[in-house]
Amino acid sequence: MTSESEATLRLAAGRVLAGDLLPYLRSGLYAMVPVVTPLVPECAIDSRWRIYVSPGLVRKLTVEETAGLWLHQLSHLLHQHADRWSALLEPQDRGHLYTTAADVVVNEILHGASVVLPPARARVRLGVPGAHPGMTTEQLYRLLVEALSAARPRSDVGPPDDCGSGVTGGLRPWDSTEDPDDGSVDRARAELIRRQVAKDITSHQRAMGDVPAGLLRIADEILTPQVDWRRELHSVVSRTRATVAGLRDYTYTRVSRRASAVPGIALPVMRQPRPPRLDMVIDTSGSVSDRMLAQVKAELRVIARTLRGDSVRILACDAASAQPRRLRRVDDIALLGGGGTDMRAGLTASASLRPAADIVIVATDGDTPWHHTPPPQNPRARYVVLLLDGDRCDVPAWMHKVVPGII
Ligand SMILES: [Zn+2]
């Protein structure tokens, strides 16, 4: 038997075991297309759900570890790691840090499911300073970038782990570029498979109740409809504009000229609707990337232009000063670095301003405590939080969450 056909058999055995261990992931596992090739150093995936494995690696692994390898790579695909990496707009030479962060997330979940991982992949665990379980890939990535820029020379990072273009995009030397009819998965089918897996996870949980928390979270993310965050943000603003205009269309405060024709009855007068008043509360201390902030500033600039300039106020919150600072223009927003600001100070400052804002947009990485209820000085405004570093579960329900991301 050639080493490649032996590797193919071993891989097949690993996939069967993976499906036995976590049966609700089977439709994902069997959509993946194995490619045994000596070109890949160990194991990698591409965006078409091909899993490339070196024959040398499979020979060394037990069948349990091979099952772990399948589940590790499938988890990257379920997490949409490649799309999320491109949404971060980070330099490509930091891809290995992102892969490490993604591996930490994936391995944490698989350990929770008692999956045995191959030695190379199992090496990557939660050894990042400041990391805690349940963090998103993006949050862990930021921690790794900070740790790297803090002092450690590059050589300390060790050889980059590469899980392939299915995690950090681009094209690897082993990636298959021809024959898209090899059963590999295009974008539309990938979405269908992810949804099928998510449904299988939730129905298994209903029947057996033994799905690890990390996998339930993935299912939840997949089944939550993806929205275009820019469109969502703009639609909240225009809904507020319509409400404000509707409230102000008619007023009884001045007597209409027609009132003289109907003695004793005050007729409502039509008034020019005013633009909604907007406060932007910006966290300038977070670990948000400059490019992500630039993207958000561009959207805020569009919103500020569509409203009238004088109805927009900008408040910058940073860790250094307890009092939020008023800025004149969106372009004046600059990151000051440092962490741990309290966005409640910004919200309270906005709520105390008069005239009161109709809509308050808070842009933050989410590393902040929140009020349980809207600020009492302005409880009627519509509050929106732009979570610049991925979704957070601790945002109170009175704030409308918008997560800039993949779309
Ligand atoms: Zn990986």
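Trainee: Leaving aside neighbours within four places in sequence, which residues is Ala101 in contact with?

Mentor: In this predicted model, Ala101 is in contact with Thr137, Leu140, Tyr141 and Leu144. Ala101 is also one of the residues that touch the most other members of the largest nonpolar core, along with Cys43, Val53, Leu71 and Leu74. That core holds 60 residues, and helix H6 (residues 95-112) gives the largest share, nine of them.

Trainee: Which residues are in the other core, the one that lies apart from it?

Mentor: That core has 36 residues, including Met280, Ile303, Ala351 and Ala363. Ala351 turns up again among the buried residues of helix H14 (residues 343-352), with Met343, Gly346, Leu347, Ala349 and Ser350. Those buried residues of H14 pack against strand E6 (278-283), strand E7 (312-317) and strand E9 (359-364).

Trainee: Back to the helices. What makes H4 oblique to H6?

Mentor: Look at the angle: the axes of helix H4 (residues 63-78) and H6 cross at roughly 125 degrees and come within 10 Å. Roughly perpendicular ends at 115 and roughly antiparallel needs over 145, so H4 is oblique to H6. The crossing is right-handed. Gly68, Leu71, His72, Ser75 and His76 of H4 make the contact with Ala102, Val106, Ile109 and Leu110 of H6.

Trainee: And why is H1 called roughly perpendicular to H4?

Mentor: Helix H1 (residues 3-21) and H4 pack at about 75 degrees, with their axes 7 Å apart. Anything from 65 to 115 counts as roughly perpendicular, so that is what H1 is to H4. On the H1 side the contact involves Arg10, Leu11, Ala13, Gly14, Arg15, Leu17, Ala18 and Leu21. On the H4 side there are Val63, Glu64, Thr66, Ala67, Leu69, Trp70 and Leu71.

Trainee: How do you know that Leu29 is buried?

Mentor: Count the C-beta atoms: Leu29 has 21 others within 10 Å. The cut-off is 20 or more, so Leu29 is buried. Leu29 lies in helix H2, and beyond four places in sequence it touches Arg15, Ala18, Gly19, Trp70 and Leu74. Leu29 and Leu74 are 45 residues apart in sequence, yet 6.6 Å apart in space, C-alpha to C-alpha.

Trainee: Why does Ile218 count as buried?

Mentor: Run the test again: Ile218 has 23 C-beta neighbours inside 10 Å. With 20 or more needed, Ile218 counts as buried. You'll find Ile218 in helix H11 (residues 213-223). Leaving aside neighbours within four places in sequence, Ile218 is in contact with Leu78 and His79. Leu78 is 140 residues away along the chain, but the two C-alpha atoms are separated by 7.3 Å.

Trainee: What about the protein as a whole, how many residues, helices and strands are there?

Mentor: There are 14 helices and eleven strands. The protein has 407 residues, and 40% of them count as buried. Among contacts between residues at least 6 apart in sequence, 70% join residues at least 24 apart.

Trainee: Where does pLDDT stay under 50?

Mentor: Over residues 153-158, for which the model has one contact beyond four places in sequence. Where pLDDT is low, don't read the predicted coordinates in detail. The protein averages a pLDDT of 83, with 82% of the residues scoring at least 70. Among the elements, helix H2 (residues 26-29) has the highest mean pLDDT, 97, and strand E4 (residues 250-251) the lowest, 54.

Methods. Residues numbered from 1 in each chain as written. Predicted model: local features only at pLDDT ≥ 70, side-chain atom pairs only at ≥ 80, totals over all residues. Core = buried A, V, L, I, M, F, W, Y, C linked by C-beta atoms within 7 Å. Buried ≥ 20, exposed ≤ 12 C-beta atoms within 10 Å, placed from the backbone. Helix = DSSP H or I, 4+ residues; strand = E, 2+ residues; numbered from the N terminus. Contact = placed C-beta atoms within 7 Å. pLDDT = per-residue confidence, 0-100. Axes fitted to C-alpha atoms, helices over the stretch in contact; angles between N-to-C directions. Parallel < 35°, antiparallel > 145°, perpendicular 65-115°, else oblique. Left-handed = near helix turned anticlockwise from the far one by under 90°.
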